[in-house]
Amino acid sequence: MEPIITLPNYINGQWCASIATEFLDVTNPATTEVLAKVPLSPTSEVNQAVEAAAEAFLTWRRTPPTERVQYLFKLKNLLEEHFEDLSRIITQECGKTLAESKGEMRRAIENVEVACGIPMMMQGTNLEDIARGIDEIMIRQPLGVCAVIAPFNFPGMIPFWFMPYALACGNTYIVKPSEKVPLTMQKIFQLLEKTGLPKGVVNLVNGAKAAVDAILDHPQIRAISFVGSTPVAKYIYSRAAANGKRMQCQGGAKNPIIVLPDADIEMTTRIAADSAFGCAGQRCLAASFAVTVGEAQRTFTEAIAETAKKRVVGNGLDPNVEMGPVINAQSKVRIEGLIRKGANEGARLLVDGRYPNIPGYEAGNFIKPTILQDVDPDSELARAEIFGPVLSLLHVDTIDQAISLVNSGQYGNMACLFTTSGAAARKFRYEAEAGNIGINIGVAAPMAFFPFSGWKESFFGDLHGQGNHAVEFFTQTKVVVERWPGDWSRQF
């Protein structure tokens, strides 16, 4: 049996063992096999990473954008070359199916590709003769040292909503991966090292709350990106903002899908099941409750129940598996508790996925797709982010009632409508209070050249990840008004 490795940090261009005294096991959620040990790095190691990044910034910001993107071109090629390895690592430490891991890495690569357009995206504006002989220009300059505090559910993709743009804009960067899934970022940093990036431009620090707080408090870190639950997003946003930092914090979600009577039920059911149960429901764009309107209640309810029962659950490395485990035992217990509470509050368990028997993986953190019918809109089940493969069913009589139900929630990450009516689709798009809208789409995930929007308690900040929002976030504007003395005598 091979010894279990302890993961190093990557600081100032070198892999270095942490001086941490506490470590956590990184486990495969399908087998509970220990894959590695991750150090809970102390504040001093975050400080070392910041010092290295601050020193590297002095030269990196003066590197022309056309040269900076050459490293991203190399990274894109390396990610393609190691695509299969990275996907397998994601599945092993996160639990999702291999197909889902490949989709995640494809979206990561797309963000690298978009960031390679920074020579166009980072351009400023100018206007001659705002007054006689006076010109005005607006230029974009990098901020300095920036950081991401990443979640467990997309260890390959989510850091790439931010990091490529930060680097392309001339910033230096620190990544703090989730302590639950640090292996993917270890591999990615091995590839970053191969690009030849100057030392200190990118740094990796493993850890938990102490490392997070060190990032939030360090005076030389100018901007922080975060994705996770709303309570943690609020904590991170308030503490970092109090320290004068630029922040973007993606929080939780309770995403609704609305099914109208004129929807194509067969296609709607397939899409809705993929949305609710894909990645075991552990994504901020998972459908969490479905609202049927009118006659759609009978047809959709029957169809989604049958589809949920047939979904194949198991180890994500098995090509026949359609859904993997949840991330750990604590998450499994929490989700099962919410299901039990919903049933106690009056919801009917249409499909109960608790306590499944997965042959060969009895120790795994599995919950099968679960559907609860007749859920009270005011219950905790209808309001709380479950972050698991659980779909609640609610029913209303009109689309206006459905939109009102959508808008009454505290979150605003995504809302989707299934219909064949263009008028209904436009009304929903116009009135639904969510940052990402899907029309006959179950996961309204923006492409890399659009911002990943979120409203209400699903997002804290002004500028989102990806695309032009990321360029705005990772640059500061400078306006220059200039007049040259040679013109003074002729014009004044």
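**Exercise 1. Work out how helix 3 and helix 4 sit against each other, starting from the handedness of their crossing.**

Solution. Start with the handedness: helix 3 crosses helix 4 in the right-handed sense. Keep in mind that we're working on a predicted model.

Next, the geometry. Helix 3 spans residues 83–94 and helix 4 spans residues 98–115; they pack at about 120°, and their axes lie 8 Å apart. Angles over 145 degrees would count as roughly antiparallel and 65 to 115 as roughly perpendicular, so this pair ends up oblique.

Now look at who touches whom. Helix 3 brings F83, E84, L86, S87, R88, I90 and T91, and these meet L98, S101, K102, E104, M105, R106 and I109 of helix 4. Sort the residues of that contact by character and you get 6 nonpolar, 5 charged and 3 polar.

**Exercise 2. Lay out the open sheet of 7 strands, then find which helix packs on it.**

Solution. First, write down the strand order: 14-15-16-13-12-18-19, with mixed pairing. The ends of that order are the edge strands, strand 14 (348–351) and strand 19 (436–439), each paired on one side only. As for twist, neighbouring strands are turned by 25° against each other on average, ignoring direction.

Then zoom in on one pair. Strand 13 (residues 287–293) runs parallel to strand 16 (residues 390–396), with 5 bridges joining them. One to look up: F289 has S392 of strand 16 as its bridge partner.

Finally, add the helix. Helix 12 (residues 329–344) packs on this sheet and touches strand 14, strand 15 (370–373) and strand 16. Its direction makes about 20° with that of strand 15.

Terms used:
Residues are numbered from 1 along each chain as its sequence is written. This is a predicted model: local features need pLDDT of at least 70, side-chain atom pairs count only at pLDDT 80 or more; totals for chains, interfaces and linings use all residues. Side-chain values use heavy atoms; hydrogens and water are left out. Axes are lines fitted to C-alpha atoms, for helices over the stretch in contact, and angles run from 0 to 180 degrees between N-to-C directions. Helices (H or I, at least four residues) and strands (E, at least two) are DSSP runs, numbered from the N terminus. Angles under 35 degrees count as roughly parallel, over 145 as roughly antiparallel, 65 to 115 as roughly perpendicular and the rest as oblique. A crossing is left-handed if the near helix is turned anticlockwise from the far one by less than a right angle, and right-handed if clockwise. Contact means heavy atoms within 4.5 Å. Ala, Val, Leu, Ile, Met, Phe, Trp, Tyr, Cys and Pro count as nonpolar, Asp, Glu, Lys and Arg as charged, and the others, Gly among them, as polar. Two strands pair if DSSP finds at least two bridges between them.
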